[in-house]
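Got your viewer open? Here is a short walk through a few spots, with what to select at each stop.

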Amino acid sequence: MRSTSLLFFILCGGAANGAGSLEESLSAYRKNQVADAKAGFAAIAADNAASPRDRAVARRELARVAWLIDADPAAARAQLEIAEAWADEPCQTAALLVRLLRESGQPAKAVHAAAAHGAQCTEGRDALLVQEARAWADLAMEKSGSSRSRALTKMKSSLEGLTAEGRRGLDASRLNIDLGLLSSTPERAFEGWQSYFWLAKAEVPPALLEDFPNSRELFRRALVPSARLKDEIELLQLLVRTGFYPEAKQFAALHNVARRAQADRDRGWSSVEAYFLFRAATERMTLIHYRSLAHGKKGGEVYQQEITKLIDRTAAKLASRFPAGNASAKELLRRAWGLHFTVGLTGGYMSLHLGHVIEDVRENIEQQGRTGAVERIVLENMVSNGYESWLWDGWAQAGGWAEAGARLIQVRTSYVGSVLTALGLRLGRPARARADADLPEREKRDDEILQTKDVADLPGLAERLRLQTIDQIVADMKSAGEAPDDDNAFQGRYWRALIGATITIHEGRHVLDQMQYAGERALSSEELELRAKLSELQFGEYPRLSLGKMVNGQIGGESSHGKANTRILRGLGLWIQSNSAAIEGFNTNRPVLPQIDKLSDKQIRVFACSRDPACKDHERGHPDL
């Protein structure tokens, strides 16, 4: 299963002395070594010799562990109330505090905290404004009359305060949908809807065209003051079908849909209500399991059995509403709510991947003389995207996987975040200036880490490769006669390159390998991942895009991805040593691995070919490398 890093690093700065590296603690956490990470963060927070930035990050991460894993919001808040938590990047601390309060059911305290810390939050303010807007939405649901109107006005104000880049994000689009629903403003709700799904002319994603061909009109009918119950329920069905669960619950509660539907015995509502019950039970059961895993406990098989029973019970109830002969549970959930799921091991952890289908297309793939036809399913608004995605809490998430029957699954949300982050990292943008300023310190950390390890996660190198990729795309835009500041053109190019590498090439390689090596010849998960990553490097439009994720992707970890990335990093080190004379700018007096970015694109492809059993054109030691 493919895990795609969002590469949105807010955790950078000077190395801590005496308490262990902050990067080492972050890396331990991302490898599910939670106890070690927690001890490392605590040591850094208590170390007076550590930099203010490292101590602030350590406090935030201790708060995250207390809240996300230990279910102790009071302990989490205590970490964030310590002065050193605000010494660096106060917007990140404020956003986490407001989120914690809001998700603990205290929206009034959340908006108060946002106001209290707003003055000291300047750089990176979008993160706080998003959490503040959500808190105002929750508070509006608790109020009525003028108090409710005031809360919605405050919510709107928070959204209007976002930067241009913030307004392009999925969070802002989703909040505009919610504001339109809560304020009965169909134009705002539909504009948020179109923005969320990047719909230029269409009104719904492809998979919904048959059932909801006129969503603009549906928003209009359902959000007028005297809306019919039938239209409100149809809008709820659209929201459920695409996974807007919190928004649907708020809308249903605001308009007393349950009571009115029961009086009218509306069958459409019964499907919505069943989804609400299934969703709540799934989230509750899965959270308990994931927290147990984070505490080092076993029991994955028990969770697998229990979640499968829940799915089967739900499907049995749906069978009477959606008759389909001997349809499987998977088919029934797909027919009723557009859900697609898999339950099993991901990265070695029992996980649930469950999301809403927005696109389902047939495609042909071809690599190294092998061909195959695949079905590509695009998922949105994941109910659960696996244990590791939950643990990483926004740092990264699974981006897709390959299934039996030549089926590729793509998680859209994962990729949108990467694209929008890259959009802000072009030359001349404020985020790029910050990234360039932070890069020397990150590079220094890479060198320090490698003083005690032969291989390790190298975030400085990963960032350099990412920035190089962005600059390559901008250069290609200029060559094609496109304006370098054309956001839509850049967004389209980056999206195509990312999906091409990580879905079409990577997951396509899985399908081809699984077709060729079946039964007793089946390849291990580690070997499958290694070969798919080598395909990315050989055939991706921008190999640096893929390589940047690999050199900072659980190096030394026990997951199949971590093991494959470790093999690639070690292999690159050996390959560079053998071909150093052909590498422009290579410094023999520096460590080898931090200089991987000096390889040309062709050299990266040649290395990958040399390690790939399926590559027929090995070019080891070629003079024009």
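## A salt-bridge tour

Start by selecting Glu527 and Arg531: both residues are buried. Keep in mind as you go that this is a predicted model. Show the two side chains as sticks and you'll find them joined in a salt bridge, at 2.8 Å from N to O. Now colour helix α24, residues 525-539: Glu527 and Arg531 sit four residues apart in it, so about one helical turn separates them.

Next, pick Arg426 and Asp487. They make a salt bridge too, with the closest N and O atoms 2.5 Å apart. Highlight the loop between α20 (412-423) and α21 (430-449) to see where Arg426 lies, then helix α23 (residues 487-516) for Asp487; the pair therefore ties together parts that are 61 residues apart in sequence. Is each partner buried or partly exposed? Arg426 has 3% relative accessibility, so it counts as buried. Asp487, at 21%, counts as partly exposed; the cut-off for buried is under 20%.

Now move on to Glu443 and Arg464. Here the salt bridge has its closest N and O atoms 2.8 Å apart. Glu443 belongs to helix α21 and Arg464 to helix α22 (residues 459-479), so this bridge ties together parts that are 21 residues apart in sequence. On the accessibility side, Glu443 comes out at 26% and counts as partly exposed, while Arg464 has a relative accessible area of 12% and is buried.

For something with more members, select Glu61, Arg64, Arg99, Arg102, Glu103, Asp138 and Asp393 together: salt bridges link them in a network. If you'd like to go hunting for others, the count for the model comes to 52 salt bridges.

## Last stop: a helix pair

Hide the sticks and show helix α11 (residues 186-196) with helix α12 (residues 215-222). Their axes come within 9 Å and cross at roughly 145°. Turn the view until one helix lies in front of the other: the crossing of α11 and α12 is right-handed.

Which residues of α11 and α12 meet? Bring the side chains back for Pro186, Ala189, Phe190, Trp193 and Gln194 in α11, then for Ser215, Arg216, Phe219 and Arg220 in α12; these are the residues that meet. Colour this contact by residue class and you should get five nonpolar, two polar and two charged residues.

Notes:
Residues numbered from 1 in each chain as written. Predicted model: local features only at pLDDT ≥ 70, side-chain atom pairs only at ≥ 80, totals over all residues. Heavy atoms only, no water. Axes fitted to C-alpha atoms, helices over the stretch in contact; angles between N-to-C directions. Helix = DSSP H or I, 4+ residues; strand = E, 2+ residues; numbered from the N terminus. Left-handed = near helix turned anticlockwise from the far one by under 90°. Contact = heavy atoms within 4.5 Å. Nonpolar A, V, L, I, M, F, W, Y, C, P; charged D, E, K, R; others polar. Salt bridge = Lys/Arg side-chain N within 4 Å of Asp/Glu carboxyl O. Buried < 20%, exposed > 50% of the residue type's maximum accessible area, 1.4 Å probe, protein only.
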